[in-house]
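Me: Please take a close look at one helix in this structure and at what surrounds it. I would like the basic terms explained as they come up.

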Amino acid sequence: MLRTLHLIKHGRPHIDPQVPAHDWPLADDALTDLPTLLAALHPRPDLVACSVEPKAHATAQGLAAALGAPLRPMQGLHEQLRYTAPWRPDPAAFEADIRRFFDHPEQVVSGEESARDALTRFTNAVTAVMTAHPQPCVAVVAHGTVISLLAAHLTGRDPWTVWQALPLLGHVTVSWPSRPPQGTSARPGA
């Protein structure tokens, strides 16, 4: 039986270059577009799981409250590890780092985790969520690069293309197979 998985990117964070991105909270107005997201989620999630990073957890709290659904924070759903990555105030420089991350999945190109390792970790965590919670439709609130990696792996799309199209509070909906995904690769065919 196929199930529905909504992979949802967190809302806009409050950016503080002095604090690692993993610790950023949501901006004050980050969830103003939550009604638009809710209207786009078909079918409606029966459960919301999330990364334990503050921006994802706060997004998931708002979503779960609006849905009246249980919330399950989960280890392993965090963003690609990049504590040592330099702060990139220029969006083009940040995007270039992300592009290299997707283009060289076996290498650690920024931070501490390769795309292949991030995909494996995130896939394992999502599989654990889906195994522990048999609801027909589950939402996972997480982060752009790991969502893009898993969505690309499940659909055969290019992860860079998925990442570019995924806005804050955006989502990718996929069918979750009855058997967990095998042979994770950061790029289709890799």
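Reply: The answer below starts with the whole chain, then turns to one helix and its neighbours.

This is a predicted model, in which local features need pLDDT of at least 70 and side-chain atom pairs count only at pLDDT 80 or more, while totals for chains, interfaces and linings use all residues. Residues are numbered from 1 along each chain as its sequence is written, and side-chain values use heavy atoms, with hydrogens and water left out.

The chain has 6 helices and 5 strands (DSSP runs numbered from the N terminus: H or I over at least four residues for a helix, E over at least two for a strand). Their order along the sequence is β-α-β-α-β-α-α-β-α-α-β. The C-alpha trace spans about 40 × 40 × 25 Å along its principal axes. Of the 190 residues, 48% count as buried (under 20% relative accessible area; over 50% is exposed and in between is partly exposed, with a 1.4 Å probe and protein chains only). Among contacts (heavy atoms within 4.5 Å) with a separation of 6 or more, 75% are between residues 24 or more positions apart.

The helix chosen here is α3, residues 91-103. It has 13 residues and reaches 18 Å from its first C-alpha to its last, close to the 18 Å expected at 1.5 Å a residue (the expected span is 1.5 Å times one less than the number of residues). Its buried residues are Asp 97, Ile 98, Phe 101 and Phe 102. Seen down the helix axis, these residues fall within an arc of 135 degrees, so they line one face of α3 (the arc is that of the directions from the axis to the C-beta atoms). The general background is that an α-helix has 3.6 residues a turn, so residues three or four places apart point the same way.

What does this face meet? The buried residues of α3 pack against α4, α5 (144-155) and α6.

On the α6 side there is Trp 160, in the helix that runs over residues 159-165. Trp 160 is buried, at a relative accessible area of 9%. Not counting residues up to four places away in sequence, Trp 160 touches Glu 95, Ile 98, Arg 99 and Phe 102. Phe 102 is 58 residues from Trp 160 in sequence, but their C-alpha atoms are 6.3 Å apart in space.

On the α4 side there is Ala 118. Ala 118 is buried, with a relative accessible area of 0%. Leaving aside neighbours within four places in sequence, Ala 118 contacts Phe 101, and also Gln 80, Glu 113, Val 146 and Leu 149. By contrast, Pro 89 is 29 residues from Ala 118 in sequence and 24 Å away, C-alpha to C-alpha.

The loop between α3 and α4 (115-132) holds Ser 110. Ser 110 is buried too, with a relative accessible area of 11%. Ser 110 touches Asp 97, along with Gln 80, Leu 81, Arg 82 and Ala 85, again leaving out residues up to four places away in sequence. Asp 97 is one of the buried residues of α3.
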